[in-house]
Amino acid sequence: MKTLKIAIQKSGRLNEKSVEILKNCGLSFENYKSSLITSVSNFPLEILFLRDDDIPEYVQDGIADLGIVGENVITEAGAKVTYLQKLGFGKCTLKIAVPSHSNLTEIQQLEGQAIATSYPVILEKYLRENDVKNVQIRTISGSVEIGPGLGLSDAIFDIVSTGGTLKSNGLKPFAEVMKSEAVLIGKEGIELNPEVQELMQRISSVLRAKETKYVVLNVAKSNLEKVVSLLPGVKSPTVVPLHEEGWVAVHSVIAEQDFWEKINSLKAAGAQGIVVMPIEKIIT
Ligand code: ATP
Ligand code: MG
C-alpha cells in the first residue's frame with residue numbers, strides 16, 4: 001500500500017480544526033508541536049506540518065498528495081491543484097475597506113488610489129475584472145489595517161471576520177471580493193486510489209455528522225403522527241414505547257441548520273423532554 005502524505009498548517013487558525021478532523025476520521029497520530037512530519041499508525045498516511053502559504057505548492061508539486069488549506073491562500077498562490085472537498089471551517093471573507101469617513105460609493109472611484117494588502121494577486125484580478133485602472137497595490141505581509149492611518153495607502157484589502165479590527169483602525173468595509181473556507185486539495189489529476197477514497201469517505205462522514213444532531217423526545221401517541229411528520233430521520237424515526245401507557249419516545253437525526261425551527265415546531269406539536277446529542281459519524 002502506498003503511503004500518502006497530507007500537508008496541514010503547523011500552527012495558526014487552521015491547525016486545530018485540521019488535526020481534529022483527521023483524528024475524528026479515526027486516524028491515530030502524535031501531534032507534537034515540534035515535529036514537521038508524523039506518521040499515522042493505523043492508516044498509510046504521513047502528516048506534514050507547514051506554513052499555510054507553502055501548502056498549495058507542496059501539493060501542486062506532488063511533495064504532498066493532499067493538503068488542507070484556505071481557498072484564499074490557494075487562489076493567491078495561483079496553484080494548480082484539484083479541489084476535493086470543502087471542509088466547513090476557517091470561513092472568512094476578503095474585503096476592500098476604506099477609512100470610515102470616506103464617501104466612496106462605486107468601485108471605480110478606487111482608480112488612482114493606493115491599496116495595501118497581503119493578497120495582491122486576488123486584488124489585481126478583482127480590479128481587472130471590474131475595470132478599475134491605475135490602482136497602486138502595496139503588498140505588505142501583515143497588519144494591513146494600519147496602512148491608511150500611516151499614510152501608506154488610501155484603502156486596504158484583507159480578510160475581515162467580525163469587522164472589529166477594521167473599526168478600531170478607523171476603517172469600514174467597502175467591497176466584498178471573495179469568500180473562503182478550508183478545503184481538501186489534491187495534486188492536479190490526483191489518482192483516486194483506494195486510500196484516497198477511503199480518507200475522503202471518512203472525512204465526508206465526519207462532516208455529515210457535524211451538520212446533524214441526534215434528537216430523542218417523548219410524545220403522547222395521539223400526537224405521534226404530527227411530530228413524526230416534522231422529523232425527516234436518516235430513514236424514518238425510531239419509535240419506542242415508554243413505560244407510561246399511551247406515550248412513546250421518538251429517536252431521529254435532524255440537520256443542525258433547521259435545528260431551532262424544528263425544535264419549536266416539535267414542541268408546538270406536543271413533543272416533550274427533548275434531548276439533543278452530537279453525532280460522531282454517519283456512515284452511509
Ligand atoms: P502561517 O504561519 O501558517 O503562514 P498565517 O498567519 O498566514 O499562518 P492564519 O492567521 O493562521 O495564517 O490563518 C490561516 C487561514 O485561516 C487564513 O488564510 C484563512 O483562510 C483562514 N481564516 C479564517 N478566519 C480568519 C480570520 N478571521 N483572519 C485570518 N484568517 C482567517
Ligand atoms: Mg500564512
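Between which two secondary-structure elements is the loop that holds Gly189 found? In this predicted model, Gly189 belongs to the loop that links β11 (182-187) with α7 (194-210). Both of these elements recur below: β11 is a strand of a six-stranded open sheet, and α7 packs on that sheet. The briefing then turns to the magnesium site, the cysteines and Lys213.

**The loop residue Gly189**
- Gly189 has a relative accessibility of 68% and is therefore classed as exposed, the cut-off being over 50%.
- Asn169 is 20 residues away from Gly189 along the chain, and 44 Å separate the C-alpha atoms of the two.

**The six-stranded sheet**
- The sheet is open, its strands follow the order β2-β3-β1-β4-β11-β5, and the pairing is mixed.
- Its edges are formed by β2 (37-39) and β5 (81-86), each of which pairs on one side only.
- On average, neighbouring strands of this sheet are turned by 30 degrees against each other, with direction ignored.

**Strand β1 and its partners**
- Strand β1 (residues 4-9) runs parallel to strand β3 (residues 45-50), and six bridges join the two.
- Within this pairing, Ala7 stands opposite Leu48 in β3, and Leu4 has Leu45 as its bridge partner in β3.
- The pairing of β1 with β4 is also in the parallel sense and extends over two bridges.
- Ile6 of the chain stands opposite Leu66 in β4.
- Five of the six residues of β1 are buried, so the strand is mostly covered, given that buried means under 20% relative accessible area.
- In a regular strand, side chains point alternately to the two faces of the sheet.

**Helices packed on the sheet**
- Helix α1 (residues 15-24) packs on the sheet and touches β1, β3 and β4 (66-70).
- The direction of α1 makes about 145 degrees with that of β1.
- Helix α7 likewise packs on the sheet, where it touches β1, β3, β4, β5 and β11.
- The direction of α7 makes about 35 degrees with that of β5.

**The magnesium site**
- Which residues coordinate the magnesium ion (ligand 2)? Asp52 and Asp53 do so, each through OD, at 2.0 to 2.1 Å.
- Asp52 is buried, because its relative accessibility of 18% falls under the 20% cut-off.
- Asp53 has a relative accessible area of 43% and is therefore partly exposed, a value between the 20% and 50% cut-offs.

**Cysteines**
- How many disulfides does a search of the whole structure find? The search returns zero.
- Cys25 is buried at 3% relative accessibility, and Cys92 is buried at 15%.

**Lys213 and its surroundings**
- Lys213 is part of strand β12 (residues 212-220).
- Is Lys213 buried or exposed? With a relative accessibility of 19%, Lys213 counts as buried, because the cut-off is under 20%.
- The side chain of Lys213 makes a polar contact of 3.3 Å with the side chain of Glu256.
- Leaving aside residues up to four places away in sequence, Lys213 touches Ser252, Val253, Ile254, Glu256, Phe259, Val276, Met277 and Ile279.
- Glu256 thus appears both in the polar contact and among the residues that Lys213 touches.

Conventions
Residues numbered from 1 in each chain as written. Chains lettered and ligands numbered in written order. Predicted model: local features only at pLDDT ≥ 70, side-chain atom pairs only at ≥ 80, totals over all residues. Heavy atoms only, no water. Donors = N, O, S within 2.8 Å, 3.2 Å for Na, K, Ca; no water. Buried < 20%, exposed > 50% of the residue type's maximum accessible area, 1.4 Å probe, protein only. Helix = DSSP H or I, 4+ residues; strand = E, 2+ residues; numbered from the N terminus. Pairing = 2+ DSSP bridges. Axes fitted to C-alpha atoms, helices over the stretch in contact; angles between N-to-C directions. Contact = heavy atoms within 4.5 Å. Disulfide = S-S within 2.5 Å. Polar contact = N/O pair within 3.5 Å; in protein donor to acceptor, adjacent residues only side chain to side chain.
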